[in-house]
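Trainee: I would like a close look at a single part of this model, with its surroundings explained step by step. Please start from one pairing and work outwards.

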Amino acid sequence: MTLRFLVTGGAGFIGSAVVRHLIAGTSHEVAVVDKLTYAGNLSSLAAASKDVRYRFFRDDITDSRRMREIFDEASPDIVMHLAAESHVDRSIDGPAEFVKTNVVGTLVLLDAALAHWRRLSPERKARFRFHHVSTDEVYGSLGPAGAFDESAPYRPNSPYSASKAGSDHLVRAWHATYGLPVVISNCSNNFGPYQFPEKLIPLMTINAIEGRELPVYGDGRHVRDWLFVEDHVRALMLVAETGKNGETYVIGGEGGRTNLDVVREICAAVDRLADNGRCASEQIRFVADRPGHDLRYAIDATKIRNELGWAPREHFERALEKTVRWYIANRAWWEPLRAGVDGIAWRRALR
């Protein structure tokens with residue numbers, strides 16, 4: 001069955017990967033909504049944009065009038081809500097924008113989705129889903145042991161994670177109060193091609209390629225679970241299409257590493273693949289830690305494995321090498337972005 005998808009934030013890193021998959025790998029129709037802020041990039045959608053099943057709306061999700069108009073025009077069966085401000089350091093410097101986009105924007109979309117859903121035929125009502133894509137950071141920081149699952153309490157420690165926690169709670173409330181069919185997913189750190197170069201892996205990869213300093217927060221022992229974006233897209237599709245109404249699914253890549261280990265693996269890959277004639281690890285520099293920096297995240301993805309049959313296909317090392325190769329081969333994609341990041345805060349690296 002051909003479905004109509006509405007993907008918010010579809011020009012961003014994960015959103016564009018979802019859109020490319022929908023166009024290249026399915027028969028579904030796709031409408032993309034993106035404000036095209038600094039992290040939105042239409043070149044990430046170049047291949048998909050040539051297909052007649054693709055539509056693009058350059059709009060702000062906090063604009064309630066436009067969101068209702070877009071729901072009327074696109075008439076989605078499934079909403080995949082990925083639009084968000086997502087960088088922790090930016091949220092520390094300017095939390096208001098995160099609350100506006102992540103909380104108010106989600107509220108606006110929920111209201112538009114509810115009005116749309118109420119007008120659908122019984123058949124379309126039954127298959128409609130509002131899929132809210134969130135983060136494991138809403139659960140806060142783990143100690144040396146344990147992992148987050150769907151029952152983990154919410155303990156956000158940054159303005160970013162607090163804003164995402166707030167949006168998660170709104171989605172649940174619209175399901176409980178109004179009956180809106182929803183699913184929520186909370187994922188670990190994504191990486192892969194087309195990621196904006198302020199996040200850890202693309203930043204360190206590009207810095208290593210260019211012989212620049214590799215700034216690592218604190219002692220580099222903060223641990224993250226790393227999820228290859230293509231594995232995440234497969235999980236998102238399963239959650240959106242077959243996830244149980246009202247349920248939450250946590251998604252992880254079984255790729256737990258310290259930040260320092262990740263940077264060292266990037267250095268080894270760049271040394272091996274870029275032929276720069278230098279040792280990239282010599283560029284590592286430790287810098288002052290971020291305020292409230294969560295020590296460790298880990299994911300227990302048992303539920304999505306058992307209920308939806310998903311598991312990551314890519315081992316971290318293999319996926320990291322694919323990613324490094326992509327950045328080496330696609331300077332034309334990231335070089336125009338480099339100047340903009342240099343102008344704001346090039347040291348900002350860790351989610």
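Mentor: Start with Met80, whose bridge partner in strand S5 is His131. The model is a predicted one, so read what follows as a description of that prediction. Met80 belongs to strand S4, which covers residues 78-81. S4 and S5 (residues 129-135) run in the parallel sense and are paired over 4 bridges.

S4 has another partner as well. Strand S1, residues 4-8, pairs with S4, again in the parallel sense and over 4 bridges. In that pairing, Phe5 stands opposite Ile78.

Now look at where the side chains of S4 go. In a regular strand they alternate between the two faces of the sheet. In S4, Ile78 and Met80 point one way, while Val79 and His81 point the other way. All four residues are buried.

Met80 also leads into the interior. The largest nonpolar core has 47 residues, and Met80 is listed with Val7, Val19 and Ile304 as having the most contacts inside it. The elements that give two or more residues to this core include S1, S4, helix H1 (13-25), strand S2 (29-33) and helix H10 (302-308). Nonpolar side chains tend to be buried together in soluble globular proteins.

Val7 shows how such a residue is surrounded. Apart from neighbours within four places in sequence, Val7 is in contact with Gly15, Val18, Val19, Leu22, Val30, Ala31, Val32, Val33, Met80 and Leu82. Met80 is thus met again, this time as a contact of Val7.

There is also a second, separate core, with 31 residues, among them Leu214, Phe228, Cys267 and Phe316. Two of these names recur around Ala280, which is found in the loop between helix H9 (259-274) and strand S12 (284-287). Ala280 counts as buried because its relative accessibility is 1%. Beyond its neighbours within four places in sequence, Ala280 is in contact with Ala208, Leu214, Cys267 and Asp271. Val263 lies 17 residues from Ala280 in sequence, and their C-alpha atoms are 9.5 Å apart in space.

Phe316, another member of the second core, takes us to helix H11, residues 316-329. H11 has 14 residues and reaches 20 Å from its first C-alpha to its last, close to the 20 Å expected at 1.5 Å a residue. The buried residues in H11 are Phe316, Ala319, Leu320, Thr323, Val324, Trp326 and Tyr327. They are on the same side of H11 because they cover an arc of only 160 degrees around the axis. The spacing follows a general pattern: an α-helix has 3.6 residues a turn, so residues three or four places apart point the same way.

Return to S5, where we began, to find helix H6. The buried residues of H6 pack against S5, strand S6, helix H3 (88-93) and helix H4 (95-119). H6 covers residues 159-178, and its 20 residues reach 28 Å from first C-alpha to last, close to the 28 Å expected at 1.5 Å a residue. Its buried residues include Leu170, Val171 and Trp174, but also Lys164 and Asp168. After H6 comes Gly179, whose phi is positive, near 80 degrees.

A last charged example is Arg66 in helix H2 (residues 64-74). Arg66 counts as buried because its relative accessibility is 16%, and the cut-off for buried is under 20%. A polar contact of 3.0 Å joins its side chain to that of Asp59.

Key
Residues numbered from 1 in each chain as written. Predicted model: local features only at pLDDT ≥ 70, side-chain atom pairs only at ≥ 80, totals over all residues. Heavy atoms only, no water. Buried < 20%, exposed > 50% of the residue type's maximum accessible area, 1.4 Å probe, protein only. Polar contact = N/O pair within 3.5 Å; in protein donor to acceptor, adjacent residues only side chain to side chain. Expected span 1.5 Å × (residues − 1). Arc of directions from axis to C-beta. Pairing = 2+ DSSP bridges. Contact = heavy atoms within 4.5 Å. Core = buried A, V, L, I, M, F, W, Y, C linked by side-chain atoms within 4.5 Å.
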